[in-house]
Amino acid sequence: MSFRKVVRQSKFRHVFGQPVKNDQCYEDIRVSRVTWDSTFCAVNPKFLAVIVEASGGGAFLVLPLSKTGRIDKAYPTVCGHTGPVLDIDWCPHNDEVIASGSEDCTVMVWQIPENGLTSPLTEPVVVLEGHTKRVGIIAWHPTARNVLLSAGCDNVVLIWNVGTAEELYRLDSLHPDLIYNVSWNHNGSLFCSACKDKSVRIIDPRRGTLVAEREKAHEGARPMRAIFLADGKVFTTGFSRMSERQLALWDPENLEEPMALQELDSSNGALLPFYDPDTSVVYVCGKGDSSIRYFEITEEPPYIHFLNTFTSKEPQRGMGSMPKRGLEVSKCEIARFYKLHERKCEPIVMTVPRKDDLYPDTAGPEAALEAEEWVSGRDADPILISLREAYVPSKQRDLKISRRNVLSDSRPAMAPGSSHLGAPASTTTAADATPSGSLARAGEAGKLEEVMQELRALRALVKEQGDRICRLEEQLGRMENGDA
C-alpha cells in the first residue's frame, strides 16, 4: 500500500503554498475575539471582509482587495448590529452584497459601494428577523438568486427570500441541539448539517424532511463540520472519543460506515474544511493551528489522499477562501487563502508548477434560477464560465427595490420598502398593476395612518408621564429639603 501511495498519479502532488510579501498583507486589523467557531473572514474577487472587535455592538471591515498595508484605525466599518457579528458570507451572484449574522438575533444584508466604504455603513438593505437566539451561520444558495440560509443557537434553520424579506421555510424540529455548520450541495436541492448531538444530517429544505442521518459520525464531544462534495458525497471533520482529530468521507446512500476515516493528530482546534469542486481538493485548516493540510478526494480507495502541508509560524484565528474566478490563472494559482492573525490578514497562495488541465470551467457569478423558481421545485446546476483567458468581472446589477403587496400574502406583513437584490424590476407582484393593487395600496395607506395615530398617542402619553415624573421629583426634592 505504501508503494502505491508513492507512485499514485496526481496533478496536485506538487501543490505548494506561499505567503505573500509583507507589503501585500492587511496590517493592524483587530480580529474579533468572540468565542465562536466561525471563519471570521469572507472574500470574493473584489473585497475582503473581516469580523473585527467593536465597542457597543458588532462590526466587520470590508476592504477592496487592493487596499493592502496598514489599515487606519478610523477606517469605516459595517456596523449596524447591536451585538457581535458571528458569521459573514458574500453573495455568490453579486460581489457587492454581503450577509451577516449576529448575537443580536438578526440577519442583515448589506450593499457595499462599488469602490468600497468611505463612511461607516449602518443601514442594511434588509433586516431578517426570525431567530430567537444568536445567529451563528450564514450560507447563500449556490444557484438561486436571493435565497439565503441562516441557522441560530435556537437550533432553527431559516431559508429566506432576501428580495422580499420573507421567510420561505422554517426548519425548527430537525436539530435537537446546537448546529455547528451547514453546507449546500452542488445545485442547492439539499443541505447537510453537523450538530452538537454528534449527528450529521442531510435535509431537503423545501419539504422540511430528513433525507439521511448518521448518529455519532465522530464520537468526540468537540465541534464537527460537514460539507457536501460535488459528486454528492459528504466530507466531515471531527474528533474521536480519545480527542484525536479525524477526517471522514461518507456516501449518503449508506451512512452505516464511512467510506474512509483518517486520524490526524490530537490538537484541540476545530478543523475547518474548504473544498474546491474543480480539483476535488479539500484544504483543512485547524483553528489555532499554524498549518493548512490538503487532501485529494478520488473515486478509488483509500478515497482521501494526503497531498501536503503548508506550515507557517503564526497560528490562525480564522480563514477565508477566494472563489476560483478570483485567482490569477497566469501564475498557476489553484487556491488562495486569507489567514487571520491576531492583528493582520495574510494571503497565502497555492500554486502548481504546471499549466495543463488546471482550470476546468468553474461556477460563475450568474444565478441559474430566481428564488421563485427554486421554491416551485426547480433545481439547476451552477452556470459555468471559462478561466482560460482569466476571469473579468462584469458590472454588478443595480439594487432594485420591490414594494411587496401586503394584502396578497397570508404571511405577516413585512415593512414597506423591502429590497430586492439584483432581481429584475418585473418581479414586482402583478397585483400592483391591477385595480386590486390600487385597493391594496389604499389598504396599506390606511394601516399606515392607524400606526401614525397610535404613535402620536404614545408620544403624548410619554410626554404626559415625563411631566408627571418631573413634578414628583420636584415634590420629593422639597420634602427632602424640609420645604414641604
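This report describes the strands, hairpins and nonpolar cores of a predicted protein model.

## Overall composition

The protein comprises 484 residues, of which 51% count as buried. Its secondary structure consists of 3 helices and 34 strands. The accessible surface amounts to about 23,100 Å², and carbon and sulfur atoms account for 50% of that area.

Contacts between residues at least 6 apart in sequence were also examined by separation; 52% of them join residues at least 24 apart.

## Strand E5 and its partners

Strand E5 spans residues 58-64, and 7 of its 7 residues are buried, so the strand is largely enclosed by the rest of the structure. In a regular strand, side chains alternate between the two faces of the sheet. In E5, Gly 58, Phe 60, Val 62 and Pro 64 point one way, while Ala 59, Leu 61 and Leu 63 point the other way. The residues of both sets are buried. Burial here denotes a relative accessible area under 20%.

E5 pairs with strand E4 (residues 47-52) in the antiparallel sense, over 6 bridges. The two strands form a hairpin with 5 residues between them, and Gly 56 in the turn adopts a positive phi of about 75°. E5 also pairs with strand E7 (residues 78-81), again in the antiparallel sense, over 2 bridges. Phe 60 takes part in both pairings: Ile 51 has Phe 60 as its bridge partner, and Phe 60 stands opposite Val 78 in E7.

## The nonpolar cores

Which residues touch the most other members of the largest nonpolar core? They are Ile 29, Leu 48, Phe 60, Ile 112 and Tyr 338, within a core of 56 residues. Strand E4 gives the most to this core, contributing 6 residues. A second, separate core contains 23 residues, including Leu 272, Tyr 294, Val 329 and Tyr 359.

Ile 112 illustrates how residues far along the chain from one another can be listed around one position. Leaving aside neighbours within four places in sequence, Ile 112 is in contact with Phe 47, Val 62, Val 78, Trp 90, Glu 96, Ile 98, Leu 117 and Leu 121. Of these contacts, Val 78 is also the residue opposite Phe 60 in the pairing of E5 with E7.

## The hairpin of E24 and E25

Strand E24 covers residues 271-276, and 5 of its 6 residues are buried; it is therefore largely enclosed by the rest of the structure. E24 runs antiparallel to strand E25 (residues 281-286), to which 6 bridges join it. Within this pairing, Leu 272 stands opposite Cys 285. Leu 272 is also a member of the second core.

The hairpin has 4 residues between its strands, and Ser 280 takes a positive phi near 60°.

## An open sheet of four strands

Strands E8, E9, E10 and E11 form an open sheet in the order E8-E9-E10-E11, with antiparallel pairing. Why is one side of E8 and of E11 left without a neighbour in the sheet? Strand E8 (85-90) and strand E11 (126-129) stand at the edges and each has a single partner strand, so one side of each is left without a neighbour in the sheet. On average, neighbouring strands of this sheet are turned by 20° against each other, direction ignored.

At one edge, strand E10 (residues 106-111) pairs with E11 in the antiparallel sense over 4 bridges. In this pairing, Thr 106 stands opposite Glu 129 of E11.

Conventions. Residues are numbered from 1 along each chain as its sequence is written. This is a predicted model: local features need pLDDT of at least 70, side-chain atom pairs count only at pLDDT 80 or more; totals for chains, interfaces and linings use all residues. Side-chain values use heavy atoms; hydrogens and water are left out. Buried means under 20% relative accessible area, exposed over 50%, partly exposed in between (1.4 Å probe, protein chains only). Two strands pair if DSSP finds at least two bridges between them. A nonpolar core is a set of buried Ala, Val, Leu, Ile, Met, Phe, Trp, Tyr and Cys residues joined through side-chain atoms within 4.5 Å. Contact means heavy atoms within 4.5 Å. Axes are lines fitted to C-alpha atoms, for helices over the stretch in contact, and angles run from 0 to 180 degrees between N-to-C directions. Accessible areas come from the Shrake-Rupley method with a 1.4 Å probe; for residues, only the protein chains shown count as cover.
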